[in-house]
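Subject: Handing over the structure

Hello,

I am passing this structure on to you, and I hope you enjoy looking through it. Please open it first; my notes follow below.

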Amino acid sequence: MVRVDGTGTGALVEIRNLDKKYHRGGEEIDVLRGLNLDVEKGEFIAFMGPSGSGKTTLLNLIGGLDTPTAGTVRIAGDTISALSGRRLAAWRARHIGFIFQMYNLIPVLTAFQNVQLPLLLTGLSKAERRAHVEAALALVGLSDRIHHYPRQLSGGQEQRVAIARAIVADPTILLCDEPTGDLDRAAGDEILDIISRLSKEFKKTIFLVTHDPVAAKRSGTLLHLDKGTLLECTAEGPLACKPEDRGQ
Amino acid sequence: MKFLHLILVNLRRKKMRTALTLGSFMVALFLFGILITIKTALGSGVDVAGVDRLVVRNRVSLIQPLPIAYREQILRVPHVEEATFATWFGGYYQDMKNFFPNFAIDVSTYRRVYPEYRFSEESWRAFAEDREGCIISPPLAKKFGWKVGDRIPLEATIWGGTWEFNVRAIYETERRELTSPELWFHYDYLDERRGFWKGLVGWYTVKVDDPASAVEVAAAIDERFANSPYESKTETEKAFAAGFANQIGNIRLLMLSIGSVVFFTLLLVTGNTMASAVRERTNELAVLKTIGMNDPTVLVLVMAESVAVAAIGGGAGLVLAKLFTLRGDPTGGMLQNFYFAPRNLALGLALALAAGAAAGIIPALGAMRLKIVDALRRV
């Protein structure tokens, strides 16, 4: 269940009256304005909207990478907009997995070592870390590329390593910022297949930012951001939200 | 330790840059090792000086002598327990490059003033009973392969001719800093054979019964010989040794100046390297923070990289310096105690690590304060 009117209760993600302003060259820019959002566990949400509409900013706020100007972000009972420093970092490590458009792998580390990074922040033993990493890489179909460096992988494979890194610590939420934006259609479809599988089989709560309608179609719910405001899309509205409403 | 691998692979990213930075540390710490060894060697007399001993020398200069008759007068000064004397001989073995310190000593009193040198009664007696006998230090015995019973010819630079000595003893001491290559022989033998300065000695060493009375005793001795043809200057053994070392200039200031310049340069070079490394990895640092690495850990990670460079490069420089000093005195006699002591090695390592930490702190703070969203936007 996804609501944008701020009337939901007890959802996994509860965003209330969220404002985000940036200052650029003495000018104040309202990126998000009074945004409300409730998302239940296991939902797969896609955000679409023109450039500068605040999609990535919203993703960053949900992931605790940025702090709101006003309003609250409450996830799994924690008001993360009130957390800072070490506590926020620890919260992020436990609850959030990020997938970026440009993969953001560390080039001097192998696929195994890149995926292992989030686990280095946990108390897992070396053997436990190895088991987790191998399972994550197997899930994205890269068991045979475990000791390859990013430069030895294709773009699609690099993104799959990035997905393995995002899920290896079993986070509550996956935040995907245009994960297919730098890939061709075939590789992009492979990535979307994995993300869809994480939603359906592993019941991960997923937020996907995309400009690609094909990618957005994979989501359970499509939300449109425009000029800092979240619009609930209905069958009657300008944009269809549910796959069945989109007539595709 | 979990991030050790990450630190090491980061060092291997730009191999040439890392090699040059390591090289800077290596050269700087090698230089430090050699300079501090020279300083220690020049000041070794200062370190071994006894607190209860005074040195009486000619007021004009150390190379001017004092009458042997002064000993009886010195002994009459209150708090003086014993007085012995020695004279610089300045001999060398076969070639000038084989120069080492050699002194004529007063056999009957020397042991009582310098108890830190140990001999068996038998070997001391053999030395005392042989007018041409001599005592050598373990390093000298090792250097020329001399042993008890050997007859050694020395060329005398002051009194001329070849002088022969019988090795009667090799002293022992537990204090490493006391074992420089040196030879002692009978003052009587010197005074009998030399053509001038008969009845004169180089300096006296006076043992006092209470170190607290040293100033009072020194003043009393100098007062006793005031207005005589051989006025004296009495000072603590430590001051005497320091004055001897400073004859060639203010070594401490020289070393400090060179060391400071080298370390300041090192700081700039390494600081610049680390700043570049952090700047190039802004995005990766943001990713590490995104996955949950907290700010202090990021700070430590960058600092550790800088300190690792310092430890590896500095350590290599110190090892090279140690190897260099193991070859012994490179000057052929001017730096008798040319020894890179473990405490100096530890000091060098501590300095290298401090320089590494200082060079890394500003880039590390920058990395720590990095805002994730800003850093990711820079991609």
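**What I found**

In chain B, among contacts with a separation of 6 or more, 82% are between residues 24 or more positions apart. Please keep in mind as you read that this is a predicted model.

Let me stay with chain B for a moment. This chain has 379 residues, and 38% of them are buried. Its secondary structure comprises 15 helices and 12 strands.

One helix pair in chain B is worth finding on your screen. Helix α2(B), residues 15–42, packs with helix α13(B), residues 295–326; their axes are 7 Å apart and the angle is about 40 degrees. Because of that angle, α2(B) is oblique to α13(B); the cut-offs are under 35 degrees for roughly parallel and 65 to 115 for roughly perpendicular. The crossing of α2(B) and α13(B) is right-handed. What kinds of residues make up the contact of α2(B) with α13(B)? There are 16 nonpolar residues, 10 polar ones and 1 charged one.

Now to chain A, where I followed one strand and its two partners. Strand β2(A), residues 13–24, runs antiparallel to strand β3(A), residues 27–39, and 9 bridges join them. Within this pair, you will find L18(A) opposite L35(A) of β3(A). The two strands β2(A) and β3(A) form a hairpin with 2 residues between them. In the turn, G25(A) has a positive phi of about 60 degrees.

Strand β2(A) also pairs with strand β5(A), residues 70–75. These strands run antiparallel too, joined by 5 bridges. Here V13(A) stands opposite I75(A) in β5(A). As general background for looking at such strands, side chains in a regular strand alternate between the two faces of the sheet.

Finally, have a look at where the chains meet. Contacts between them involve 19 residues of chain B and 19 residues of chain A. On the chain B side, α1 (4–11), α12 (282–290) and α15 (372–377) each supply at least two residues. Which of the elements gives the largest share of that side? The answer is α12(B), with 5 residues. By type, the chain B side that touches chain A divides into 8 nonpolar, 6 charged and 5 polar residues.

That should give you a few places to begin. Happy exploring!

Best wishes

Technical notes. Residues numbered from 1 in each chain as written. Chains lettered and ligands numbered in written order. Predicted model: local features only at pLDDT ≥ 70, side-chain atom pairs only at ≥ 80, totals over all residues. Helix = DSSP H or I, 4+ residues; strand = E, 2+ residues; numbered from the N terminus. Buried ≥ 20, exposed ≤ 12 C-beta atoms within 10 Å, placed from the backbone. Contact = placed C-beta atoms within 7 Å. Pairing = 2+ DSSP bridges. Axes fitted to C-alpha atoms, helices over the stretch in contact; angles between N-to-C directions. Parallel < 35°, antiparallel > 145°, perpendicular 65-115°, else oblique. Left-handed = near helix turned anticlockwise from the far one by under 90°. Nonpolar A, V, L, I, M, F, W, Y, C, P; charged D, E, K, R; others polar.
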